[in-house]
Amino acid sequence: MKFKFDKKYLYLGITIFLAIAASILFYYILFHGSTLSQGIHTLIKIAMPIIDGFVLAYLITPVLNGIERKIIEPLYIKTKVPMTPKTKRRIRGFSILVTIVLILVALYGFFSLVIPEIIRSIQSIIFQFPVYFNNLTSWALGLMKNNPELETLVDGLLDRYSTRILEYFNTNLLPYINNLIKTLSLSVLGVFKGMWNFIIGFIISIYLLGSKEKFAGQAKKIAYAFFDRKSGNEIIANFRFIHSTFIGFIGGKIIDSIIIGIICFICTSIINTPYALLVSVIVGVTNIIPFFGPYIGAIPSTLLVLMVDPKQALYFLIMIIIIQQFDGNILGPKILGESTGLSGFWVIFAITVFGGLFGIPGMIVGVPIFAVFYAGVKSIVNRLLAKKELPTQIQPYMTVGEINEEMEFTEYVPPVKKRRKHHEAAQSDKTDGNGD
């Protein structure tokens, strides 16, 4: 008797196996989550040089493409050199060399100008901190002397909370400072290890840049091997969308922050703000964080200026508000455009959630990650609506009450309006009856 193989039993077996495997994985995550988390953390720690290499290669790729396509390739074309595979490899190698040299020169120029000034500013703050503290104290005492009501209020608050403040300082703040000093001392080794990982990642990124088309081709080959042609096309299109969203947002944010830092330095130099370069670097760097970044940078910068000159702190705060309004309403939209397609609410939502989960890095990449998720959900919803022959635009659904069998949208009428309409109709009928 010939055995007849039935595929449905194979699919049933695979389904049962996956269900059991998922149940075991869920149980392990539920009761051994800390062990799993520790294992993932160790794996990420080991793979950090490779991750750094991928991140660096991804960020450098747009610069490399621009130099290769607009400078190096046209030069080779003018020399009428045949475009053989060997020539293309030479073009890529020379383009990588030019790109790396330009980036290193730009970084060296930036740090050679900024770092010494920042170090001098920090040293000045440390050495003159008692003077700044006395200036701030004198200003506060003068302010209270001219405002007796404020002085009475502050004295009452100090009498009420001075004991608690001293207790908090002795029991909580001092041990925390000691632990912080120990952590900073131990983290010196971590900094050197991070630098070593960065160097290894930089070398890996050069190899990735040299063969990026080959790696992309291998990824596409895998997609078409495991999925049908239509699904493979969709997967590749989705990855292209993810790439354009990330590179558009992150690249635009970096350019926007550099411009804001330069504008801040020019304005602070004009109004003679203390530590103009230091506060401009703080404002520019924190501006990379969407929405909350300007406030994160403005608060410590304002406090720093306040210690030196309270009047200048007020001028600086007004200037920062004006610059951030310019950035939020003119410069930012001009550079970023519709790179994410998210409304203000979803931007705040993404920053809050990802910032809470992953800290500062989460606040930076949370918006493009959520934008990709949002676009994916929107695509699935629109596809399901299209199958049901319903419109995919948002406008018809904003006031819809119900959709009848003829696919007609009827507007939702609140109960109050319904009663009002019935009342008006009844009054109209009475008037018509009296008139007859």
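**Group meeting: salt bridges, helix α8 and the cores of a predicted model**

Good morning. I begin with one pair of charged residues: Lys 253 forms a salt bridge with Asp 256, and the closest N and O atoms are 3.8 Å apart. By salt bridge I mean a side-chain nitrogen of Lys or Arg within 4 Å of a carboxyl oxygen of Asp or Glu. This is a predicted model, in which local features need pLDDT of at least 70 and side-chain atom pairs count only at pLDDT 80 or more, while totals for chains, interfaces and linings use all residues. Residues are numbered from 1 along each chain as its sequence is written, and side-chain values use heavy atoms, with hydrogens and water left out.

Lys 253 and Asp 256 both belong to helix α8, and because they are 3 residues apart there, about one helical turn separates them. Helices here are DSSP runs of H or I with at least four residues, numbered from the N terminus. In general, an α-helix has 3.6 residues a turn, so residues three or four places apart point the same way. Are these two partners buried or exposed? Lys 253 counts as buried at 9% relative accessibility, and Asp 256 is buried with a relative accessible area of 0%. The word buried stands for under 20% relative accessible area, exposed for over 50%, and partly exposed for anything in between, with a 1.4 Å probe and protein chains only.

Let us consider the other salt bridges. The structure holds 4 of them. Glu 213 pairs with Arg 92, with the closest N and O atoms 2.7 Å apart. This pair links distant parts of the chain, since Glu 213 sits in helix α7 (residues 212-226) and Arg 92 in helix α4, 121 residues apart. Glu 213 is partly exposed, at 44% relative accessible area, whereas Arg 92 is buried, at 9%. Glu 213 also forms a salt bridge with Lys 212, whose closest N and O atoms are 3.2 Å apart. Lys 212 counts as buried at 18% relative accessibility.

I return to helix α8 as a whole. Helix α8 covers residues 229-270, which is 42 residues, and spans 61 Å from its first C-alpha to its last, close to the 62 Å expected at 1.5 Å a residue. That expected span is 1.5 Å times one less than the number of residues. At the N-terminal end, Asp 228 acts as a cap, with a side-chain oxygen 3.1 Å from the backbone nitrogen of Lys 230. Just beyond the helix, Asn 272 adopts a positive phi of about 60 degrees. Thr 273 follows in the loop between α8 and α9. Thr 273 is buried, with a relative accessible area of 6%, and touches Thr 268, Val 305, Gln 312 and Phe 316, leaving aside residues up to four places away in sequence. Contact here means heavy atoms within 4.5 Å.

The next topic is the nonpolar cores. A nonpolar core is a set of buried Ala, Val, Leu, Ile, Met, Phe, Trp, Tyr and Cys residues joined through side-chain atoms within 4.5 Å. Which members of the largest core touch the most other members? Of its 18 residues, they are Cys 264, Val 283, Leu 304, Phe 316, Met 319 and Ile 320. At least two residues each come from α4 (85-127), α8, α9 (276-286), α10 (293-308) and α11 (310-336). Helix α11 gives the most, with 6 residues. As an example of the packing, Val 283 touches Ile 260, Cys 264, Gly 297, Ser 301, Phe 316, Ile 320 and Gln 324, not counting residues up to four places away in sequence. A second, separate core of 14 residues includes Leu 342, Phe 354, Val 367 and Phe 370.

Cysteines deserve a word as well. A search of the whole structure finds 0 disulfides, a disulfide being a pair of cysteine sulfur atoms within 2.5 Å. For Cys 264, the nearest cysteine sulfur is that of Cys 267, 7.1 Å away. Cys 264 is buried, at 0% relative accessible area, whereas Cys 267 is partly exposed, at 24%.

I close with Asn 197, which lies in helix α6 (residues 148-210). Asn 197 is buried, with a relative accessible area of 13%. Its contacts, not counting residues up to four places away in sequence, are Met 48, Pro 49 and Asp 52.

Note on methods. A polar contact is a pair of N or O atoms within 3.5 Å; within protein, one must be able to donate a hydrogen and the other to accept it, and residues adjacent in sequence count only if both atoms are side-chain atoms.
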